[in-house]
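Please look through the sequence and the 3D structure below before reading on. The paragraphs that follow lead through a few parts of the fold in turn.

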Amino acid sequence: MRTDMEWWTEVRRRVLTGELSKRGACREYDLGWHTLTKILTHAEPPGYRLSRPRRRPKLEPFLPIIHRILEEDGKQPPKQRHTAKRIFERLRDEHGYDGGETIVKDAVRAWRQSRREVFVPLSHPPGEAQVDFGEATVRVAGEPTKVALFVMTLPYSGAIFIQVFPRECTETFHEGHVRAFSFLGGVPKRISYDNSAIAVTKVFPGRERMLTKEFLRFRSHYLFQEHFCLVRRANEKGHVERLLGFARRNFLVPVPDVTSLAVLNERLVVSCEKDLERRTRGKSSCKRDLLLDDRAAFLPLPKQRFEARRLVQASATNESLVRFDRNDYSVPVAYAHRRVTIVATVLEVRLIFEDRLVARHTRCWEREKTCYDPVHYLALLERKPGGFDVARPLEEWSLPDCFGLLRRRLEAEDDRHGTRSYIRVLRLLEKFPLKELTAAVEQALAIDVTDAESIRTILEHRADEPITVFSLDGRPHLARVHVPTTDVASYDVLLGGQAS
């Protein structure tokens, strides 16, 4: 059976080559004169074309209602807008429409297509960057964990840098930039952002923004020019939007299972490095070669490294705890009820009173946790030794075995004050590291001296100075480290000799 195209070609060939007259073709192929003219004019069937839109007499009176519903939807929450099915139901139930649902869906689709936004392709010179945060799920020690993805891309070269953090916040925003600048080899002269509260406190009409203090500090350090997208105009940083999806699909599939986020970030740096060998569509060479042009346009890295941190103030409670980011961190009991400054980075939380660093903790990224340093509570426990065994800050404190032996000896020698004596020894941790104190306790036990002053003497003496053991009340003690003194009598001799 011949196709339409074969039949069309045969008629044209026979008539245009003179094999068959036009009248003969009309008789043989049962064609009208107008149809034959069309065949001879077009090398292939032009297809069916409407000269004017087909009328829809049942729907046309309801089109203004459909358009009004769709326009009002623009002011409603995105998840509570009309579907075409819901519009059909309302036309039927509220306005007496008795037509079909399909034609309503066609009208809704046509209205939406006519209002879809069209974008102009943008040109990106070397030296510019775009930044965004996304989300992904990874496994940390076997547990599914939602993480924030920091992404910086260079539209000119196509280079990408990605890191994962526990959460999107000021510290991770800045730390992501610091690592990206180091990886890329400089500071982009212009960086595009959305209107995140991390950087923007207030959005004015147009491009004007009121910026956060921390973002201003960050920009002042690196001297780049910021560019904030217009509200709901994410296409202005479409390059990073696309590469964020690319990185998630290519760097985080299958779902990584790692021991820590630090390990995963090391892997991601390797992935970003390998990606520089790739050539993207429309580019003349690979990303690594084009990155040289980007670097030539970069600002230099400052000599002083930027500290990615957040600075806030809070008061310590009567339990000597300071709350930050929904977690509590301990300070020494001497600073309870005092107002302290919190310096928080991605890795640690530092607590400062006036100009003194009074506590340092590893940053906790969970919620409603309490981070204790047992040493902070020893001064209070020395006054209240009865609470030593039930003190919550000491519940998970694991000390070397020699400390348990020391406590038993002290309590055996003095059942009334032995615990307090043991706490005095532990308070040496306020000045000395655990490793040094452990060695001192082991040495003290070996020579059978157990009081705090003797153990302090062991810690403070120099290796080349002997330690003298003496007996006091039948118990061994250490003599203080010998310090040479001046023999005054010798001066008298000298003076006498001069006088004579």
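A good place to begin is Q304, which sits in the loop between α11 (287–297) and β9 (310–315). The model in view is a predicted one, and in it Q304 is exposed, with a relative accessible area of 61%; the cut-off for exposed is over 50%. Although Q304 and H221 are 83 residues apart in sequence, their C-alpha atoms are 9.0 Å apart in space, and this pair can serve as an introduction to how the chain folds back on itself.

The wider picture can be put in a few numbers. The protein chain contains 17 helices and 17 strands, and of its 500 residues, 42% count as buried. Among the contacts between residues at least 6 apart in sequence, 57% join residues at least 24 apart.

One example of such distant parts coming together is found among the aromatic residues. The structure holds 22 aromatic pairs, and one of them is formed by F181 and F218, whose rings are stacked, with 6.4 Å from centre to centre and 10° between the planes. This pair links distant parts of the chain, since F181 belongs to helix α7 (residues 170–184) while F218 belongs to helix α8 (residues 213–222), 37 residues apart. Are these two rings buried or exposed? F181 has a relative accessible area of 0% and is therefore buried, and F218, also with a relative accessible area of 0%, is buried as well. Both residues are members of one aromatic cluster, which is formed by F173, F181, Y193, F215, F218, Y222, F224, F228 and F306.

Cysteines give another view of the interior. The structure holds zero disulfides. C169 counts as buried because its relative accessibility is 9%, under the 20% that sets the limit for buried, and C272 counts as buried at 0%.

Turning to the strands, we can follow a small part of the fold in which three strands form an open sheet, in the order β10-β11-β15, with mixed pairing. The edge strands are β10 (321–324) and β15 (370–371), each of which pairs on one side only. In general, the strands of a sheet pair through backbone hydrogen bonds, and they do so either in parallel or antiparallel fashion. Here, strand β11 (residues 327–330) and β15 pair in the parallel sense over two bridges, and the bridge partner of D328 in β15 is T370.

The last stop is helix α15 (residues 434–446), which has 13 residues and reaches 18 Å from its first C-alpha to its last, close to the 18 Å expected at 1.5 Å a residue. Which residues of α15 are buried? They are L437, T438, A440, V441, A444 and L445. Seen down the axis of α15, these buried residues fall within an arc of 165°, so they line one face of the helix. A general rule helps in reading such a pattern: an α-helix has 3.6 residues a turn, so residues three or four places apart point the same way. On the other side of α15, K435 and A446 are exposed. What covers the buried residues of α15 includes the helices α13 (401–413), α14 (418–426) and α16 (452–460). Just after α15, the chain comes to D448, which takes a positive phi of about 65°.

Definitions and conventions:
Residues are numbered from 1 along each chain as its sequence is written. This is a predicted model: local features need pLDDT of at least 70, side-chain atom pairs count only at pLDDT 80 or more; totals for chains, interfaces and linings use all residues. Side-chain values use heavy atoms; hydrogens and water are left out. Two strands pair if DSSP finds at least two bridges between them. Helices (H or I, at least four residues) and strands (E, at least two) are DSSP runs, numbered from the N terminus. The expected span of a helix is 1.5 Å times one less than its number of residues. Buried means under 20% relative accessible area, exposed over 50%, partly exposed in between (1.4 Å probe, protein chains only). The arc is that of the directions from the helix axis to the C-beta atoms. Contact means heavy atoms within 4.5 Å. A disulfide is a pair of cysteine sulfur atoms within 2.5 Å. Rings of Phe, Tyr and Trp (its six-membered ring) pair if their centres lie within 6.5 Å; planes under 30 degrees apart count as stacked, over 60 as edge-to-face and the rest as tilted.
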